[in-house]
Structures are given as structure tokens and as C-alpha cells.
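User: Hi! I have a model open at the bench and would like to walk through it with you. Could we take it one question at a time?

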Amino acid sequence: MSNDKIIWDKLISAGLTPAGAAGLMGNLYAESGLNPQNLQNAYEAKLGFTDETYTAAVDNGTYTNFTHDGAGYGLAQWTHPSRKAALLAHAKNQGRSICDLDVQVNFLRWELLTMFKPLRDKLCTTTSVREASDCVLLQFERPASVNDPDKLQETKDRRAGYAQGFYGRFAKGENNVKLLTCILTENDCYKYNQTIKPKGVMVHSTGANNPLLRRYVQPVASTPGRTDLLAQLGTNPNGNHWNQTRVYVYTDKTRTVGYRDYSKKLKQVLYEPCVHAFVGRLADGTVAAVQTLPWNHRGWHCGVGSKGTANDTHISFEICEDDLTDPAYFGQAYRAAVELTAMLCQQYDLDPLADGVVICHQDGYRRGVASNHGDVYNWFPRYGKTMDDFRAEVVRTMKGEDDMLTYEQWKEYMDRYRQELRADHDQCWAEEELAAAVTAGITDGKRPHDFVTREEAAIMALRSGG
Ligand SMILES: [Zn+2]
């Protein structure tokens with residue numbers, strides 16, 4: 001197993017949330033590349049050591065200035081004399097090398113529990129990778145760049161970026177929604193090139209019976225990975241995809257998507273509609289998401305309401321509708337939408353439960369920041385889902401929780417179930433015969449509603465035959 005996976009597992013088992021573990025690991029990566037033998041580069045020449053020779057000299061006792069030499073060492077690049085002394089003591093107590101991965105991660109956990117308790121509490125509760133990463137930077141690592149305001153923001157961004165990478169790799173494993181990238185560079189909305197500071201996510205559904213992503217998303221000649229994208233998406237045979245100019249128009253209350261000559265109404269098409277992503281079926285029938293605009297690009301997806309427009313504030317995606325009668329497709333598309341939203345909230349530090357953050361198009365209309373469209377209430381309620389359910393599932397996903405029971409939980413439930421069975425005396429339908437069996441010495445009559453083991457069954461069979 002790789003160092004990073006070992007560290008991840010140990011941090012999770014220590015009670016850190018996936019976001020907390022990722023935030024810590026992004027910082028460790030920035031400090032040491034997750035190499036527990038790492039001697040601060042600036043000190044290699046100064047002390048005349050490499051990572052290996054320094055480690056060996058500390059381990060065998062020929063180098064005695066480990067604690068006070070001022071050189072950063074190990075996963076967290078421990079530098080302060082008291083912290084290095086404690087690390088050395090931890091290694092010696094266990095008879096292990098100073099570069100032992102277990103020693104260092106256990107020491108890290110011990111430091112969090114003792115000297116950095118408030119930080120540990122944060123890392124055990126946060127669902128924000130960004131928050132976790134910033135807290136570790138400012139409270140735990142405090143590299144020199146923290147004191148330079150010009151460099152601080154860049155350092156924060158870089159470390160949060162590493163943290164996001166660990167989160168993406170380990171937090172949800174294979175449950176992650178498959179996310180492709182096919183930016184619609186020919187769409188007028190893309191060309192208009194405005195940016196937003198994302199404050200939320202707006203969920204749409206297309207209102208047209210076509211679950212295939214290729215209907216809307218197609219690469220052009222200049223799109224990176226074009227061949228692979230076309231293989232995965234399939235080719236749109238009708239040429240009415242959104243990666244071109246002027247592709248979308250409203251006609252009375254029914255939205256129609258297609259070509260149209262706008263020459264007479266140019267003022268109305270100043271902003272061409274485009275969303276940041278689509279969720280739908282790939283050519284092989286599996287459900288995936290495709291990013292179609294940079295996330296901080298100003299999309300045009302919800303029109304204008306009485307108080308303004310969420311185009312200025314919200315990242316948006318369309319879930320491709322089918323004929324709304326297939327529960328399997330709904331379940332997959334809904335789940336992909338939850339995961340995509342969770343990823344975006346994580347990335348932009350958004351609280352999905354905060355007012356107006358994760359909303360659908362109709363929510364936006366009611367809030368006065370969108371045109372009057374029904375999506376997603378034309379679809380979700382058919383399968384018993386509300387936007388409150390959606391938001392709650394986004395939160396669970398961000399915490400790395402899923403619906404699977406752990407074995408420990410299952411055992412706990414099993415114990416509870418058996419206790420309930422035992423307690424359930426009122427409904428004993430076999431009172432008389434059970435009493436007779438007790439009299440005949442076949443059973444002791446205890447726990448009449450609980451399971452019988454093979455041993456008990458064998459003994460009862462013997463006694464009743466006797
Ligand atoms: Zn909509």
C-alpha cells in the first residue's frame with residue numbers, strides 16, 4: 001500500500017472527517033511530499049547529510065544534534081526543538097527508526113490530541129477541505145510564508161489544491177460520479193467570458209425527453225481529448241448540440257432547443273444559454289456528469305426574476321430528463337447530481353444547508369432570482385424526493401457517509417433486534433406447548449422468541465427423542 005493511502009486510513013481511523021484528513025494531508029504533502037525520511041532541503045548541504053544518511057545517523061546515535069539543529073524533518077517537517085525531541089522519544093520508545101511511517105503518524109495523532117486539541121476538534125468535524133487545509137496551515141505547520149501577506153494566499157490556495165486532490169482520490173472511492181470535461185467553447189455564453197464568485201449551485205432538469213448527454217454535449221476540433229470524449233459521449237447525429245452559437249430559444253411556455261435565426265431579435269440573445277455541467281447517459285448507457293463551462297464562468301441558465309438573477313451567483317447543471325417513468329434512471333441521475341453538488345460545495349466552501357445555496361430552478365423563481373420554470377419539481381417528487389432530501393444527501397456525501405452499514409453497526413443492530421425479540425413476550429402464541437416442552441425437559445423455555453443455534457437444536461432433538 002502506498003504511503004498516502006496508509007496515512008489516509010490512519011487519520012480516518014483516528015476520527016478525522018474525510019475533509020479533515022485531506023486538509024491535513026495536503027499540508028503534509030506540501031511540507032515533505034509525504035516522505036517520512038525527508039530532511040529539509042536547505043539543511044542537506046549545511047549539515048552535510050542526505051535524507052538517508054541523516055536518518056541513519058540519528059537512528060544509530062552518531063548524530064546527536066537532531067533536536068536542536070533547526071532542520072525540518074519528516075512528514076510534517078518538524079522543526080521546533082521540543083517537537084523534534086518528542087518525536088525522537090516516540091521512536092526510541094518503540095524501538096523504531098525516526099523515519100518509521102507508523103511512528104510519525106502516531107506521533108502526529110498524539111500531537112493533535114495533546115498540543116493541538118482545538119485543531120483536532122476542527123479536523124474531526126469539518127466538511128470543508130478548504131477550511132481544514134487553512135486551519136492546518138495557520139495553526140499547525142506555520143511555514144515562513146504565513147508571515148508574508150503576499151505569499152499567504154498563494155500558499156493557502158496551493159495547499160488546498162493538494163488537499164482537494166487527496167479528497168478526490170480517497171474520500172468517496174468508487175462511488176464518485178464520473179466527471180468528464182468538455183468545455184463548450186463555441187457557445188456564445190462561453191465566448192462572452194464573464195466570471196462569478198460562486199455562492200451556490202442551481203439544479204435544473206432539461207424538460208425534454210432525452211437522457212443522452214450527446215444531445216447537448218459534443219467536442220469540437222479544438223476540444224482537448226476530442227476522440228476519447230466522442231467515444232464516451234457518442235456522436236449527436238442531429239447537429240443540435242450546445243457547442244455552437246445560438247442554439248437555444250424559448251417559445252411561449254414550452255422550451256424548444258434548436259437552431260433559430262435571431263437576426264430580428266438580436267437584443268434578446270445577448271446572453272446565450274449555457275450551464276456549467278450536464279448529468280445524463282453516456283453512449284454505453286452509464287450515467288455521468290460532464291463539465292461544460294469553467295465553474296467560475298458566468299452561465300446563463302435561469303433567466304431573471306423579480307430581484308435579479310442567480311446567473312450572477314450560482315454554478316448550474318442540467319440533469320437530462322427521460323420520459324420521467326424510469327425509477328432506475330432517476331436513481332442514478334439523482335445520485336450523480338448529489339455527488340456533483342457535493343463536490344462543488346466542497347470546492348467552493350459552500351454550506352448546502354445555508355439559505356439559498358443549493359436550490360433548483362423553481363426554488364430560484366420563488367426567491368425572485370430566476371424565471372418561472374418548474375424544474376426540478378416536475379420530476380423529483382414522482383420518486384418521493386424533495387430539494388430538502390437532496391440537500392441532506394449532499395451533506396451526507398460531503399461527510400463521506402453512505403447508506404452502507406459497517407459491520408460494527410450491523411452487529412449492533414442485530415443485538416438490538418434480538419433484544420427486541422426477547423422482550424416481546426406479549427405476543428407468545430405457543431405458550432401452552434412451550435410449557436409442555438419445558439415440563440418434558442426439552443427446553444428451558446427461556447428467550448422463547450430468540451434464534452435457536454445448531455447446538456440447541458441438536459440437544460432439543462435428542463431430549464425429545466429420549
Ligand atoms: Zn431550469
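User: What is the order of the strands in the open sheet of six strands?

Analyst: Happy to start there, and please keep in mind that this is a predicted model, in which local features need pLDDT of at least 70, side-chain atom pairs count only at pLDDT 80 or more, and totals for chains, interfaces and linings use all residues. Residues are numbered from 1 along each chain as its sequence is written. Strands (E, at least two residues) and helices (H or I, at least four) are DSSP runs numbered from the N terminus, and two strands pair if DSSP finds at least two bridges between them. The pairing in this open sheet is mixed, and the order is E1-E6-E5-E7-E2-E8.

User: Which strands stand at the edges, and how far does the sheet twist from one strand to the next?

Analyst: Strand E1 (179-181) and strand E8 (358-360) each have a single partner strand, so one side of each is left without a neighbour in the sheet. Those two, E1 and E8, are the edge strands. As for the twist from one strand to the next, its average is 25 degrees.

User: Which residues of E7 and E8 does Met-202 stand opposite?

Analyst: Strand E2 (residues 200-205) runs parallel to E8, joined by three bridges. E2 also runs parallel to strand E7 (residues 314-319), here with six bridges. Met-202 faces a partner in each: in E7 this is Ser-316, and in E8 it is Ile-359.

User: How many of the six residues of E2 are buried?

Analyst: A residue is buried if 20 or more other C-beta atoms (placed from the backbone) lie within 10 Å of its own, exposed if 12 or fewer, and partly exposed in between. Gly-200, Met-202 and His-204 point one way from E2, Val-201, Val-203 and Ser-205 point the other way, and all are buried. The buried count for E2 is therefore six of six.

User: Which residues of helix H1 are buried, and where do they lie on the helix?

Analyst: In helix H1 (residues 3-13), the buried residues are Ile-7, Trp-8 and Leu-11. Seen down the axis, they fall within an arc of 100 degrees (taken from the directions from the helix axis to the C-beta atoms), so they line one face of H1. The face turned away from that buried side carries the exposed Lys-5 and Ser-13. So the buried set, lining one face of H1, is Ile-7, Trp-8 and Leu-11.

User: Is Asp-134 buried or exposed?

Analyst: Asp-134 belongs to helix H8 (residues 129-141). Leaving aside neighbours within four places in sequence, Asp-134 is in contact (C-beta atoms, placed from the backbone, within 7 Å) with Lys-156 and Ala-160. Asp-134 has 21 other C-beta atoms within 10 Å, so the verdict is buried.

User: At what angle do helices H12 and H14 pack?

Analyst: Axes here are lines fitted to C-alpha atoms, for helices over the stretch in contact, and angles run from 0 to 180 degrees between N-to-C directions. Residues making the contact include Val-338 and Ala-342 of H12 and Phe-390 and Val-394 of H14. The axes of H12 (residues 327-347) and H14 (residues 387-398) are 9 Å apart, and the packing angle is about 65 degrees.

User: Which peptide bond is cis?

Analyst: Most residues other than glycine have a negative phi, and most peptide bonds are trans. Val-376 lies in the loop between helix H13 (361-366) and H14. With omega near 10 degrees, the cis bond is the one from Asp-375 to Val-376.

User: What is the phi of Gln-77, and what is that of Asp-349?

Analyst: Gln-77 is in the loop between helix H4 (51-59) and helix H5 (81-93), while Asp-349 is in the loop between H12 and E8. Gln-77 counts as partly exposed because it has 18 C-beta neighbours inside 10 Å, and Asp-349, with 14, counts as partly exposed too. Neither is a glycine, yet phi is positive in both: about 50 degrees for Gln-77 and near 55 degrees for Asp-349.

User: Over which residues is the pLDDT below 50?

Analyst: The pLDDT is the predictor's confidence in each residue, from 0 to 100. The chain averages 87, and 90% of the residues score at least 70. Where pLDDT is low, the predicted coordinates should not be read in detail. The stretch below 50 is residues 247-271.

Technical notes. Contact = placed C-beta atoms within 7 Å.
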